[in-house]
Amino acid sequence: MPRGRSSCFGANTGSGASTFLTNWPAGTEPRDAGKRVAENWASRPSIFEAGRAGRYDEFVHYAEVGTWYGALSVARLTRDTALQRRLVTKYDRLRTPDGARHISARA
């Protein structure tokens, strides 16, 4: 595409640099949104801890592990050591004999 024209991926400044995914409104930058999601998830009990009877009440579900890993990545990238500690602590109990029974042997 010639310089100076816009594309479906964002406005072109004419210099070849795209402005796509820049100039976020206050509070909506990926760092802010990721931190809100990570904080929200860190404050929630795991499915097996919530006492909800159902299909995933005995083991840590893979979706929770993926979400935990994403939240941990956000904490690391934003250098939020307090959030990192809370996320690691959240799963410390799985390192005990009682907690280990919530980890599927098929994983």
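Let's start in the middle of things: the largest nonpolar core here has eleven residues, namely Ala 38, Trp 41, Ala 42, Val 60, Ala 71, Leu 72, Ala 75, Leu 83, Leu 87, Tyr 91 and Leu 94. Helix 1 (30-42), helix 2 and helix 3 each chip in at least two residues of this core. Keep in mind that you're looking at a predicted model.

Now zoom out to the whole chain. You'll find four helices and zero strands, so to speak an α-α-α-α pattern when you read along the sequence. Of the 107 residues in the chain, 21% are buried. And if you take the contacts with a separation of 6 or more, 46% of them link residues 24 or more positions apart.

Next, have a look at how two of the helices meet. Helix 2 covers residues 62-77 and helix 3 covers residues 81-90; their axes sit 8 Å apart, and the packing angle is about 155 degrees. Anything over 145 degrees counts as roughly antiparallel, so that's the label for helix 2 and helix 3. Their crossing is left-handed. On the helix 2 side, the contact is made by Trp 68, Ala 71, Leu 72, Ala 75 and Arg 76, while helix 3 brings Leu 83, Gln 84, Leu 87 and Val 88. Sort those by class and you get seven nonpolar residues, one polar and one charged.

Finally, pick out Tyr 91, a member of the core we began with. Leaving aside residues up to four places away in sequence, Tyr 91 touches Trp 41, Ser 46, Val 60, Glu 64 and Trp 68. Of these partners, Trp 41 and Val 60 are listed in the core too, and Trp 68 belongs to the contact between helix 2 and helix 3.

How values were computed: Residues are numbered from 1 along each chain as its sequence is written. This is a predicted model: local features need pLDDT of at least 70, side-chain atom pairs count only at pLDDT 80 or more; totals for chains, interfaces and linings use all residues. Side-chain values use heavy atoms; hydrogens and water are left out. Axes are lines fitted to C-alpha atoms, for helices over the stretch in contact, and angles run from 0 to 180 degrees between N-to-C directions. Angles under 35 degrees count as roughly parallel, over 145 as roughly antiparallel, 65 to 115 as roughly perpendicular and the rest as oblique. A crossing is left-handed if the near helix is turned anticlockwise from the far one by less than a right angle, and right-handed if clockwise. Contact means heavy atoms within 4.5 Å. Ala, Val, Leu, Ile, Met, Phe, Trp, Tyr, Cys and Pro count as nonpolar, Asp, Glu, Lys and Arg as charged, and the others, Gly among them, as polar. A nonpolar core is a set of buried Ala, Val, Leu, Ile, Met, Phe, Trp, Tyr and Cys residues joined through side-chain atoms within 4.5 Å. Buried means under 20% relative accessible area, exposed over 50%, partly exposed in between (1.4 Å probe, protein chains only).
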